[in-house]
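Q: I have a model open and want to learn how to read it. Can we go through it feature by feature?

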Amino acid sequence: MRWDDFRRSDNIEDDRDSGGGFGGGPGGGFQIPIGGGRGGLGIGTVVVLGLIGWALGIDPSILIGGAEMINNSTRPSIEQTQTNRQTGKPTDQTGDFVAAVLGNTEDVWTEVFKQGGQTYRPPRLRLFRGAVQGGCGFAQAAMGPFYCPTDRRVYLDTAFFTEIEQRFRGCTGKACKFSQAYVIAHEIGHHVQNSLGILDKAHQAQQAAGNRTAANRIQVRVELQADCFAGIWANRSEARKSFLDAGDIDAALQTTTAIGDDTLQRKSQGRVVPDAFTHGSAEQRKRWFMTGFQSGKVSSCNTFAASDL
């Protein structure tokens, strides 16, 4: 992946060295108010319980349980979380990479929205270390990257990238960078859904579903659509910048395979329970990413109309 000439975004809040975090104490978790998975947890957590659980060898059910324990805690006002932030482009290499990918997603989605007669308003991305307080509650690094629709921010502890490099065998060099960029693009995909009103409709459908299995099926469609939107970003960015190297797409597909619900369930409990899926199987995640990548069109990502999900 060649990213040196990507425009760097200014929509970054760097909390890593500002003292804005809360350390890595036990019992942490977070809540996202538009949830529909276990315990009402949010749908903006594509890799939260997936790649982190897999990469660190943690049973995803433990992470889910920790999030459920905190789900009913009091959430502070958004205004309390917005002070003492260092904003603008980070100067370190990892921060520079994040700013570059974020800037590129902004350019791509601005173009896509403009073609549809709409205006894209990009999210902010908050870098943190250890733990952070945000619009969706208290988040720890172990929960992974996530999107908070309440304050329209993506939250990312960049130590997560180190885990990908160290734990994912198929992720090396520039190909690993694309896997990392895919993670960011997926979270931006949730922001696109939020901007289009999809998340609100999904939340309403989950509330009306009547049971967790039905709600999980809706959540799977939301997550697969975010994968498809990540594929659109890769398609459009490739057309604009020719940034992909040989092996990049394969590395991303290996990542989607590793974080498929069936892969994670088989690894953690030795069996697959489709009714408990929240993000989709390895095959589904690969297929929907490739659907977006091959078409480059939002209309191709209507997972809610798919009859095979």
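Q: How many bridges join strand β1 to strand β3, and do the strands run parallel or antiparallel?

A: Keep in mind that this is a predicted model. Strand pairing is read from bridges. Here, β1 (residues 12-14) and β3 (residues 124-127) are joined by three bridges and run parallel. For one position, take Ile12: Leu125 in β3 stands opposite.

Q: Which strand do four bridges join to β3?

A: That is β7, residues 153-156, and this pair also runs parallel. One register point is Arg124, whose bridge partner in β7 is Arg153. β3 therefore has bridges to β1 and to β7, with two strand pairings to trace.

Q: Arg126 is found in strand β3. Is Arg126 buried or exposed?

A: Read the relative accessible area; under 20% counts as buried. Arg126 has 0%, so it is buried. For a buried charged residue, look for a polar partner. The side chain of Arg126 makes a polar contact of 2.8 Å with the side chain of Glu13.

Q: How many helices and strands does the chain have?

A: Ten helices and seven strands. The chain has 309 residues, and 56% of them are buried. About 12500 Å² is exposed, with carbon and sulfur atoms supplying 47% of that area.

Q: What share of the contacts joins residues at least 24 apart in sequence?

A: Set the base first: contacts between residues at least 6 apart in sequence. Of these, 78% join residues at least 24 apart.

Q: How do I check a helix, and what span does α7 reach?

A: Compare the end-to-end span with the expected one. α7 has 30 residues and reaches 43 Å from its first C-alpha to its last, close to the 44 Å expected at 1.5 Å a residue. Then check burial. In α7, 22 of the 30 residues are buried, so the helix is largely enclosed by the rest of the structure.

Q: What happens at the ends of α7, and which residue caps the N-terminal end?

A: Asn211 is the cap: one of its side-chain oxygens lies 3.2 Å from the backbone nitrogen of Thr213. After α7 comes Ser242, with a positive phi near 50 degrees.

Q: Where is Ser237, and which side chain does Ser237 join in a polar contact?

A: Ser237 is in helix α7. Its relative accessible area is 0%, so Ser237 is buried. A 2.7 Å polar contact joins its side chain to that of Asn104. Beyond residues up to four places away in sequence, Ser237 touches Phe6, Asn104, Val108, Ser242 and Phe243.

Q: How many aromatic pairs does a search of the whole structure find?

A: Eleven. For each pair, read the centre distance and the plane angle. Phe178 and Phe243 have ring centres 6.0 Å apart and planes at 50 degrees, so this pair is tilted. Phe178 lies in α5 (residues 173-195), and Phe243 in the loop between α7 and α8, so the pair ties together parts 65 residues apart in sequence. Phe178 and Phe243 are both buried.

Q: Which residues do ring pairs link into a cluster?

A: The cluster is Phe6, Phe178, Trp233 and Phe243.

Q: Arg8 is found in the segment before β1. Is Arg8 buried or exposed?

A: Arg8 has 15% relative accessibility, so it counts as buried. Next, list its polar partners. The side chain of Arg8 makes a 2.9 Å polar contact with the side chain of Asp96. A polar atom of the Arg8 side chain also lies 2.7 Å from the backbone oxygen of Phe6.

Q: What is Arg8 in contact with, leaving aside its neighbours within four places?

A: Trp3, Lys89, Asp96, Ala99 and Ala100. For sequence separation against space, take Val98. Arg8 and Val98 are 90 residues apart in sequence, yet their C-alpha atoms are 8.4 Å apart.

Q: Which residues of α10 are buried?

A: Start with the general pattern. An α-helix has 3.6 residues a turn, so residues three or four places apart point the same way. In α10 the buried residues are Ala282, Gln284, Arg285, Trp288, Phe289, Met290, Gly292 and Phe293. The helix covers residues 282-295 and reaches 20 Å, close to the 20 Å expected. Gly296 follows, with a positive phi near 70 degrees.

Technical notes. Residues are numbered from 1 along each chain as its sequence is written. This is a predicted model: local features need pLDDT of at least 70, side-chain atom pairs count only at pLDDT 80 or more; totals for chains, interfaces and linings use all residues. Side-chain values use heavy atoms; hydrogens and water are left out. Buried means under 20% relative accessible area, exposed over 50%, partly exposed in between (1.4 Å probe, protein chains only). Contact means heavy atoms within 4.5 Å. Accessible areas come from the Shrake-Rupley method with a 1.4 Å probe; for residues, only the protein chains shown count as cover. The expected span of a helix is 1.5 Å times one less than its number of residues. Two strands pair if DSSP finds at least two bridges between them. A polar contact is a pair of N or O atoms within 3.5 Å; within protein, one must be able to donate a hydrogen and the other to accept it, and residues adjacent in sequence count only if both atoms are side-chain atoms. Rings of Phe, Tyr and Trp (its six-membered ring) pair if their centres lie within 6.5 Å; planes under 30 degrees apart count as stacked, over 60 as edge-to-face and the rest as tilted.
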